[in-house]
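The following report concerns salt bridges and the solvent exposure of the side chains that form them.

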Amino acid sequence: MRKSIAQRFWFLLHHRHQNHRPSSFSSPSPLFHSRFLSSMDSSFPVTANNINPKVVKCEYAVRGEIVTLAQKLQEDLQANPGSHPFEEILYCNIGNPQSLGQQPITFFREVLALCDHPAILDRSETQGLFSTDSIERAWTIVDHIPGRATGAYSHSQGIKGLRDAIAAGIEARDGFPADPNDIFLTDGASPAVHMMMQLLIRSENDGILCPIPQYPLYSASIALHGGTLVPYYLDEATGWGLEISELKKQLEDAKSKGINVRALVVINPGNPTGQVLSEENQREIVEFCKLEGLVLLADEVYQENVYVPEKEFHSFKKIARSVGYGDNDIALVSFQSVSKGYYGECGKRGGYMEVTGFSSEVREQIYKVASVNLCSNISGQILASLVMSPPKVGDESYELYMAEKEAILSSLTRRAKTLEEAFNKLEGVTCNKTEGAMYLFPRIRLPEKAIKAAEALNKAPDAFYCGRLLNATGVVVVPGSGFGQVPGTWHFRCTILPQEDKIPAIASRLTEFHEKFMDEFRD
């Protein structure tokens, strides 16, 4: 019988390092993999047993085992067309819009192109190729860049003129002042999160309150910096609600174990859960952090991704200022990225954090850590400024910009609705409405036989389901166990990012697979 691509992949890996063919083969369990790596590395001075244990502990599910298998399947399809019951891999595992066909915003790319090659700004033919406002914006930006070159280092917090533009954008969004000196430009939001974990975590006795389910960046960064993740569970029955009573319960439980909780992470709109918090709920969260002396770490990278008319995004800084709290009342760090929203510029690695409510001594330490990395990349810095200061009414690019933005967001709204409806029609599956962000997180109630089959392979049941789904359909989703979930429940995360004409195929493939899977393992 022809081995699956996963089996052949592990066989080749094993054979390469052990120089013999095993007498029998099955896809290895995580335990096997750990022992295998240990024995495989035994002839090297650095082994899986003597590297930093924090690195071993760290996991990042959205690029984990399922994705590795998907990449091998894709290679197999290219080398052997027709070798699987599908013609292409449909990646629904990660928020990477442009890899799935989303087009960049014209104005943003025009400005980037002109900044990268400012020599053409003075050429007459440039006027016919680029919009007037993109040329003007590029001139303004280039004048702020050291040496007028995007290949130069900048100030470690980012180019001052770009931070000015971002601060103006924050002020326009919130209606409250923003200080460019509070802004640290970073290579996407992830380094900013790591920077804050590095600042706050001193030992495993320091804890960070994180939502469950959560984006694995948080569990990974807490593990890497040696802290303790203190989970608080979102309430799936109320649309992934965030209950203050749950925060209090988990905080008290952590304290009883000797854990010093330093901060609260809130992801709004939610990843992987797609909920958008109400203003009232946000006010309660701000009051909780002030009362308990917690740093509020506000992941707001999906602030442009709101799909329901009854909800809108409000930044936590706006909420804090609206109830009268200033820098001396609450420590608040807001994260933003150019990777999400309607722009989807993941590969440009742009983002920032706005740091408020910290003493000048601590701010100096944050700046010191930022300076160790010299600076974030200049293209990402430029994009962050453009995202927060896009074309305005009267600008030549405004109408095209608005048309592109609205087309992307309205399409995402339709895609979310189509997939949500498809999931809710499946036996044993329930899926909350996607109010925002880029994901659905359906719950799957698996037959006991399927759960036992997964346990026999030393796999989480939802990972078992997702692996079977991938091998049967080519659709890549991420097991809920990679995000955390209430024990005894199983989920998967699916993005809404494949192009709209691909969504019906995803829904039909998943429906057909699910029916067969449930029949196969029916009790």
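In this predicted model, Arg522 is partly exposed, with a relative accessible area of 38%, and its salt-bridge partner Glu427 is likewise partly exposed, at 39%. The closest N and O atoms of this pair are 2.8 Å apart. The contact links distant parts of the chain, since Arg522 lies in the segment after helix 19 (503-520) while Glu427 belongs to the loop between helix 16 (398-424) and strand 9 (429-430), with their positions 95 residues apart in the numbering.

Salt bridges that share partners also occur, and they join Arg202, Asp206 and Arg262 into one network.

Two further pairs are each contained in a single helix. Lys72 and Glu75 form a salt bridge with an N to O distance of 3.9 Å, and because they are three residues apart in helix 4 (residues 65-79), about one helical turn separates them. Glu252 and Lys255 are also joined by a salt bridge, with their closest N and O atoms 3.9 Å apart; both residues lie in helix 11 (residues 244-256), three residues apart, which corresponds to about one turn of the helix.

The relative accessibilities of the residues in these two helical pairs are set out below.

| Residue | Relative accessible area and class |
|---|---|
| Lys72 | 26%, partly exposed |
| Glu75 | 45%, partly exposed |
| Glu252 | 44%, partly exposed |
| Lys255 | 42%, partly exposed |

For the model as a whole, the count comes to 23 salt bridges, including the Arg522 and Glu427 pair described at the outset.

Conventions: Residues are numbered from 1 along each chain as its sequence is written. This is a predicted model: local features need pLDDT of at least 70, side-chain atom pairs count only at pLDDT 80 or more; totals for chains, interfaces and linings use all residues. Side-chain values use heavy atoms; hydrogens and water are left out. A salt bridge is a side-chain nitrogen of Lys or Arg within 4 Å of a carboxyl oxygen of Asp or Glu. Helices (H or I, at least four residues) and strands (E, at least two) are DSSP runs, numbered from the N terminus. Buried means under 20% relative accessible area, exposed over 50%, partly exposed in between (1.4 Å probe, protein chains only).
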